[in-house]
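Hi everyone, and thanks for coming. Please take a look at the picture first, and then I'll walk you through it.

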Amino acid sequence: MAWSENDYTELYGLVELPVRGDCRGNLVVIEQLKELPFELKRMFAIYGTVGNEPRGSHANRRSRFGFLCLNGSCSVKLIAPEGEFANVQLDSPSKLLWIEKMVWKEMCDFSNDCVLVVVSDSYYDPEEYIYSFEDYRTMKISS
């Protein structure tokens, strides 16, 4: 069964984080089950990207993710079996994008100074990654 357009709103969210700051600088906070609808178990950063090659280009069977661009900018494309349903520009540390499991994602259009922090509710498990879009498409349509 294919996703309907109404399903997409439950697959991701964009949260505007409050910026707390004073003359010493600024601070943004992410807390599990508050700004993100899941617990935090893993964090990694993408930086020093070369050229215009996308990162990600996969779906995860069990993991949910949050994306926070600490410096510079990038885009995160969210894709369903029927095609792209969102292209979110992250260009501020106060923008937090979260996505549910089984959403195909591509991070792209990285600025030279981009530092993208990614958090997840799962520990790394290479067995849960789906790298073939055709396999992903078949799995989602048949589920």
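Let me start with a term: two strands pair if DSSP finds at least two bridges between them. Strands (E, at least two residues) and helices (H or I, at least four residues) are DSSP runs, numbered from the N terminus. What you see is a predicted model, where local features need pLDDT of at least 70 and side-chain atom pairs count only at pLDDT 80 or more, while totals for chains, interfaces and linings use all residues. Residues are numbered from 1 along each chain as its sequence is written, and side-chain values use heavy atoms, with hydrogens and water left out.

Now to the sheets. One open sheet has five strands, in the order β8-β7-β10-β5-β12, with antiparallel pairing. Its edges are β8 and β12, which have a single partner strand each, so each has one side without a neighbour in the sheet. Strand β7, residues 74-80, runs antiparallel to β8, and seven bridges join them. Which residue of β8 is the bridge partner of I79? That is E84.

Moving along, β5 (residues 55-60) is joined by three bridges to β10 (residues 104-108), again antiparallel. Here H58 has K105 in β10 as its bridge partner. On to β12, residues 129-130: two bridges join this strand to β5, also antiparallel, and N60 is matched with Y129.

There is another open sheet of five strands, ordered β1-β9-β6-β11-β4, with antiparallel pairing. The edge strands, each pairing on one side only, are β1 (12-16) and β4 (42-47). From one strand to the next, the twist averages 20°, with axes taken as lines fitted to C-alpha atoms, for helices over the stretch in contact, and angles running from 0 to 180 degrees between N-to-C directions. Within this part, β6 (residues 65-71) and β9 (residues 95-99) pair antiparallel over four bridges, and G66 stands opposite W98 in β9.

Next, the pocket. The largest pocket holds about 190 Å³ of space. Which residues are closest to its centre? Of the 15 lining residues, they are F44, I46, G56, H58 and M107. At least two lining residues come from each of β4, β5, β6 and β10. A pocket here is an open set of points, on a 1 Å grid over the protein atoms alone with a 1.4 Å probe, that has protein on both sides within 12 Å along at least five of seven lines; lining residues have an atom within 4 Å of a point. The volume is the space filled by probe spheres set on the points, which are joined across faces, edges and corners.

Finally, the aromatic rings. The whole structure has seven aromatic pairs. The rings of Y12 and F85 have centres 5.8 Å apart and planes at 50°, so this pair is tilted. Rings of Phe, Tyr and Trp (its six-membered ring) pair if their centres lie within 6.5 Å; planes under 30 degrees apart are stacked, over 60 edge-to-face, and the rest tilted. Is F85 buried or exposed? F85 has 16% relative accessibility, so this residue counts as buried; buried means under 20% relative accessible area, exposed over 50%, partly exposed in between, with a 1.4 Å probe and protein chains only. Y12, at 25%, counts as partly exposed.

To end, W104, F133 and Y136 form one aromatic cluster. W104 is buried at 4% relative accessible area, and Y136 is buried at 0%. Thanks for listening!
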